[in-house]
Structure formats: structure tokens, C-alpha cells
Amino acid sequence: MGTEVGRPNITGVPEAHAEALKATAGFGTTLVTEASNLARYVGRILGTAPEDAVGLVIGDPLRFVRTAIATRYDGLLSETLRRRNVIQTEPISPSVALPLLQAAYDEGRPELQALWVSLIASAMDPSRAGLVRLSYIETLKRFDPLDAMILKERAERTGEMEPNPASFMARLLQVELDDVTISLDNLASLQCIQMEKRQFYFSMTAYGRGLVRACAE
């Protein structure tokens, strides 16, 4: 007995799309399952049915890696929304969602994944969606983990940091001062901080504070 064309299978992707995936990619049912799962995660963010997201993952040579990362994000995202007490989410505009998802799913380092999932959660939260700027996506793509840790710690501290902010961060994060200096140079180039005339002193910019608010847990 034949299969009805367009009928969704257990993965949420219509059989016609699944067969096309199988025939095109040549990796059999494993590919169909992986692509279907990734499509489900993308569809969740876009607020659309999984089958509508299939076209976004067909032909992606890293879809297996991204599906594993997406699985982790899916759990973190649910946890973040639950912690923020977000009951009703809203779909993210494709103009924001597509570059956001591509950048997030390319990142495998846990320290930066935490920022990406917070930014995705903010974009889905009706009360915080306005905090998310397209430029934040490009900025985070140029972050290394130490950059993120320094920016977060600097945003949370209002008192004096002795003997100076850079040395304070090096001691707090247990890294070399040279490594902190490299991160400060990068953060300054991204307009997240402003270096002061005194050596090793820096302050947050309005842009940096906005990025931290958008990525706040």
C-alpha cells in the first residue's frame, strides 16, 4: 500500500521531503533523521512547522554537527525560558533568526553557547525582543570565551577593582595579564569597552551594556 504524499512522518517532516532528502544526499535514513531533527529545532525558533524549515538544512555539510549542537541548545533554551518565567514566546523575524541560528549552531564552546542561548531566548521573549540587535550577532561571532567572561564580570562590578581593572580580572579569572590584555583589545575593537588613558583601566560602553542586557540570564 502506497504512502500518502505530503503526510508527515514521526519526525514531523512530510514523506515527500524525506524521500527527496534521502535521494539527494545519498546518506540514507540517517541523514533524513538528522536533517529532520535540525529542521524541528529551526522551526521552533522561527515559529513555523518543521517541514517549512527543511530547505534551510538541505545541503548543509555540517548538519550532523549542528544537529548535536541544536539538541543541546533546545534543552538550554527551554531551561532559560522557564527560569525567566516566559509562558508565551513569539516567532523571531527571519531577518534576525536566520543569522542568529547559523552563528549559534556554529559555536561549540560552552562559554559562548550560554550567550547564544540567552540571546535566542531574549529574541523569543515578547518583553525582551526589542533588546536584540542584528549587530550583536556579528559581535558575538568575534568573541572568544575569555572576552565573554571579562565583559560579564565588568558589567556586574561597580566598585573599585584593585590594583587596576585588568590585573583584577586576571587574578579573578586565573589567567595571565597578557591574555586579559588581548581580550580587552578585542572588546575595544568591537566597541564593547573603552580603554582609558591610565594603563589597564577600561569601562563599559553603552553598546557593551546593551549586549550584556540582551544576553543576560
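## Salt bridges, a pocket and a few backbone oddities

K141 forms a salt bridge with E138, with 3.4 Å between the closest N and O atoms. The model is a predicted one, and this pair makes a handy way into it. Both residues belong to helix α7, which covers residues 134–141, and at 3 residues apart they are separated by about one helical turn. Neither side is hidden away or fully out in the open: K141 comes out as partly exposed at 47% relative accessibility, and E138 is likewise partly exposed, with a relative accessible area of 44%.

That pair is one of 7 salt bridges in the structure. In general terms, side chains of opposite charge can pair when their charged atoms come close. Another case is R198 with E196, whose side chains meet at 3.5 Å, N to O. E196 is partly exposed here, at 34% relative accessibility. Shared partners also tie E107, R109 and D144 into one salt-bridge network. Within that network, the E107 and R109 side chains pair at an N to O distance of 2.8 Å. The two ends of this bridge sit in different accessibility classes: E107 is buried at 10% relative accessibility, whereas R109 is partly exposed at 33%.

Stepping back to the overall fold, the protein chain carries 11 helices and 2 strands. Followed along the sequence, these elements run α-α-α-α-α-α-α-α-α-α-β-β-α. The chain has 217 residues, and 45% of them count as buried.

One buried spot worth a look is S183, a residue of helix α10 (residues 177–189). Its relative accessibility is 5%, which puts S183 in the buried class. The side chain of S183 makes a polar contact of 2.5 Å with the side chain of D147.

Next comes the largest pocket, which holds about 450 Å³ of space. Its lining is made up of 26 residues, and the ones closest to the pocket centre are A114, L115, S118, C215 and E217. Four helices each give two or more residues to this lining, namely α4 (63–83), α6 (110–124), α8 (145–156) and α11 (206–214). By residue type, the lining splits into 16 nonpolar, 3 polar and 7 charged.

C215, one of the residues closest to the pocket centre, also comes up when looking for disulfides. The count of these is 0. A disulfide would need two cysteine sulfur atoms within 2.5 Å, but the sulfur of C192 has its closest cysteine sulfur, that of C215, 9.7 Å away, so the gap is too far for a bond. Seen from the other end, C215 is in no disulfide either, and C192 provides its nearest cysteine sulfur. Both cysteines are tucked away from the surface by the accessibility criterion: C192 is buried with a relative accessible area of 0%, and C215 is buried at 7%.

Finally, the backbone has some less usual geometry. As a rule, most residues other than glycine have a negative phi, and most peptide bonds are trans. Against that background, the peptide bond from E162 to P163 is cis, its omega being near 0°. P163 falls in the loop between α8 and α9, the latter spanning 165–173. On the far side of α9, in the loop between α9 and α10, is Q174. The phi of Q174 is near 55°, a positive value in a non-glycine residue, and Q174 is exposed at 72% relative accessibility. A second glutamine, Q191, also has a positive phi, near 65°. Q191 lies in the loop between α10 and β1 (193–195) and is exposed as well, at 54% relative accessibility. So the two glutamines with positive phi described here, Q174 and Q191, are both loop residues and both count as exposed.

Notes: Residues numbered from 1 in each chain as written. Predicted model: local features only at pLDDT ≥ 70, side-chain atom pairs only at ≥ 80, totals over all residues. Heavy atoms only, no water. Buried < 20%, exposed > 50% of the residue type's maximum accessible area, 1.4 Å probe, protein only. Salt bridge = Lys/Arg side-chain N within 4 Å of Asp/Glu carboxyl O. 1 Å grid on protein atoms, 1.4 Å probe; cavity = no way out; pocket = protein on both sides within 12 Å on 5 of 7 lines; lining within 4 Å. Points joined across faces, edges and corners; volume = space filled by probe spheres on them. Nonpolar A, V, L, I, M, F, W, Y, C, P; charged D, E, K, R; others polar. Polar contact = N/O pair within 3.5 Å; in protein donor to acceptor, adjacent residues only side chain to side chain.
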